[in-house]
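Subject: Structure handover and notes

Hello,

Here is the structure I promised to pass on. Please open it alongside this email.

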Amino acid sequence: MMMGSDENETGLSGVPLGIRNKYSELTKVDFDDDASHHHHQQKRSASTRKYVLACAIFASLNSVLLGYDVGVMSGAIIFIQEDLKITEVQEEVLVGILSVVSIFGSLAGGRTSDIIGRKWTMALAALVFQAGAAVMTLAPSFEVLMIGRLLAGVGIGFGVMIAPVYIAEISPTIARGSLTSFPEIFINLGILLGYVSNYAFSGLPAHINWRIMLAVGILPSLFIGFALFIIPESPRWLVMQNRIDEARSVLMKTNENESEVEERLNEIQEAAGNFNADKYEEKSVARELLSPSPALRRMLITGFGIQCFQQITGIDATVYYSPEIFRQAGIEDKSNLLAATIAVGVTKTVFIMVAILLIDKLGRKPLLYISTIGMTICLFSLGVTLSVLGKGPIGILFAILSVCGNVAFFSVGIGPVCWVVTSEIFPLRLRAQASALGAVGNRVCSGLIAMSFLSVSDAISFGGSFFIFSAISALSVLFVYKLVPETKGKSLEQIELLFQTDDLGWKEGQVALGDVEHLVQKE
């Protein structure tokens, strides 16, 4: 008898050897298929992550323009004063007018992005800013310089409003928080570049150096033209235009799991009202925003409120006028003043990176608590430093530490989280224009602070101004506690459900229950 020649011959376990061999072969085939599928999925996931990351980076380039303007103007204004002989009031107007005028860009940006798309609105923002920067660079007088500031402000208004909306709409849920924070990263990078530009060109004649500082701001917008050939249109905007196949194609590129694409597409279509035309009564977005439902009213209070608190806690006063603050503490030399501002820019940029790492792990609300409480302490410390310690080495040290601490806590929380929350909470049909309203609130408050800080400080002292900012920052802690829900890990469509309750506290248990109900309804 030949061993193993009969398929039915049994082994020690009592299972026929031939059958066992066939089973082993089938198992090996299944294992190879699973391994192949797993490898394919890993490869697709890596490709998707890179693509979405590239889209977020390119969409954030407009934010460099805003950051650069904030940083460079803090130093350039010293030399503009010397060259054009402007007054302190003109200085405040020149610095603050950009934020005020950007209101018009933000207001127009919401409607414009609904008409021409998110992608081309970003292109328009870059073109308008370039025109403004060119006029400022060649300005022979204060009046012409103001015209350039007006144009640049409109361009920045478009840019700061549309970038977070676009990134939120194109990002997968799991990474949306960190990706939507990218515009704030690039604002901080722009601020740092502005500070470095101030220091690098400060040695040139006063008639030339500030012009070169402002001209350098044109360079980032040139990359936006290149970006337009890479980034796709927002899938949610495409759905609103009934371009379903194009939206599906974009979602295939931005979602790691192919099986989830149709589910996400269905959710977006339902949110856009394509499936249930009678779900929302026919009325314009403007009318809906002017006479909001209770849920929408809560969204507007949260979105508009957090945008305003981001600015009225004095971040622009700290960044725009940091040379003046350090001069009050005792630094007199211009080069030393500009060098100290670089420390502020580096701190701001480093801590925004910390926020990116934590926002999708810790969540939005914990970072807001850390940020607002820390800012309250640092602003109070700066008030004490400027009021009590006076000029001298100790005063300079504490002033630098307090300013750097303030921008660090700002960057780790309310700086980026403000834009993330505003881009997440509104329904699709209202998102662009409601986010524009939030950006308007942000820019109005920024302009008011920038245009009044020096005058108010002359009246009540620099220290007194920062005591007021500290008190406002303390109020922002209460605002976060009562009116900002946690949105981490939820789809944009699920987040709408968080506002369907009369309780403005939105406790965690209620949020979880709402999600469970939503999932049960879907099943």
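Below are my notes on aromatic pairs, cysteines, backbone angles and one acidic side chain. Please keep in mind that this is a predicted model.

**Aromatic pairs**

The count comes to eight aromatic pairs. One of them joins Phe380 and Phe467. Their ring centres are 5.3 Å apart, and the planes meet at 55°. That makes the pair tilted, because only angles over 60 degrees count as edge-to-face and only those under 30 as stacked. The two residues come from distant parts of the chain, 87 residues apart. Phe380 sits in helix α18 (residues 364-389), and Phe467 belongs to helix α22 (residues 462-483). Phe380 is partly exposed, at 47% relative accessibility. Phe467 is also partly exposed, with a value of 30%.

A second pair to look at is Phe466 with Phe469. This one is edge-to-face: 5.6 Å between centres, 70° between planes. Both residues are in helix α22, three residues apart, so about one helical turn separates them. Phe466 is buried, with a relative accessible area of 0%. Phe469 is buried too, at 7%.

Which residues make up the cluster around this pair? Phe466 and Phe469 join Tyr320, Tyr321, Phe453 and Phe462 in one aromatic cluster.

**Cysteines**

How many disulfides does the structure hold? Zero. Take Cys418 as an example. Its nearest cysteine sulfur belongs to Cys308, 9.0 Å away. A disulfide needs the two sulfurs within 2.5 Å, so Cys418 is in none. Cys418 is buried, at 0% relative accessibility. Cys55 is buried as well, with a relative accessible area of 1%.

**Positive phi angles**

Most residues other than glycine have a negative phi. Two residues here are worth a look on that count.

- Asn242 is not a glycine, yet its phi is positive, about 60°. It lies in the loop between α10 (235-240) and α11 (244-254). With a relative accessible area of 55%, Asn242 is exposed.
- Ser461 is not a glycine either, and its phi is also positive, about 85°. Its place is the loop between α21 (428-460) and α22. Ser461 is partly exposed, at 34% relative accessible area.

**Glu233**

Last, an acidic side chain. Glu233 is in the loop between α9 (219-227) and α10. Is Glu233 buried or exposed? It is buried, yet it has no salt bridge. What is the nearest side chain of opposite charge? That is Arg118, 5.5 Å away. A salt bridge needs the side-chain nitrogen within 4 Å of a carboxyl oxygen, so Arg118 does not qualify.

The backbone is another matter. The Glu233 side chain reaches the backbone nitrogen of Arg118 at 3.1 Å. A polar atom of the same side chain lies 3.3 Å from the backbone nitrogen of Lys119. So what does Glu233 touch, leaving aside its neighbours within four places in sequence? The contacts are Ile116, Gly117, Arg118, Lys119, Trp120, Tyr166, Leu238 and Val250.

In short, Glu233 is buried without a salt bridge, but its side chain does meet the backbone nitrogen of Arg118 and that of Lys119.

Best wishes

Methods
Residues numbered from 1 in each chain as written. Predicted model: local features only at pLDDT ≥ 70, side-chain atom pairs only at ≥ 80, totals over all residues. Heavy atoms only, no water. Phe/Tyr/Trp six-rings, centres within 6.5 Å; stacked < 30°, edge-to-face > 60°. Helix = DSSP H or I, 4+ residues; strand = E, 2+ residues; numbered from the N terminus. Buried < 20%, exposed > 50% of the residue type's maximum accessible area, 1.4 Å probe, protein only. Lys, Arg positive; Asp, Glu negative; His and termini not counted. Polar contact = N/O pair within 3.5 Å; in protein donor to acceptor, adjacent residues only side chain to side chain. Contact = heavy atoms within 4.5 Å.
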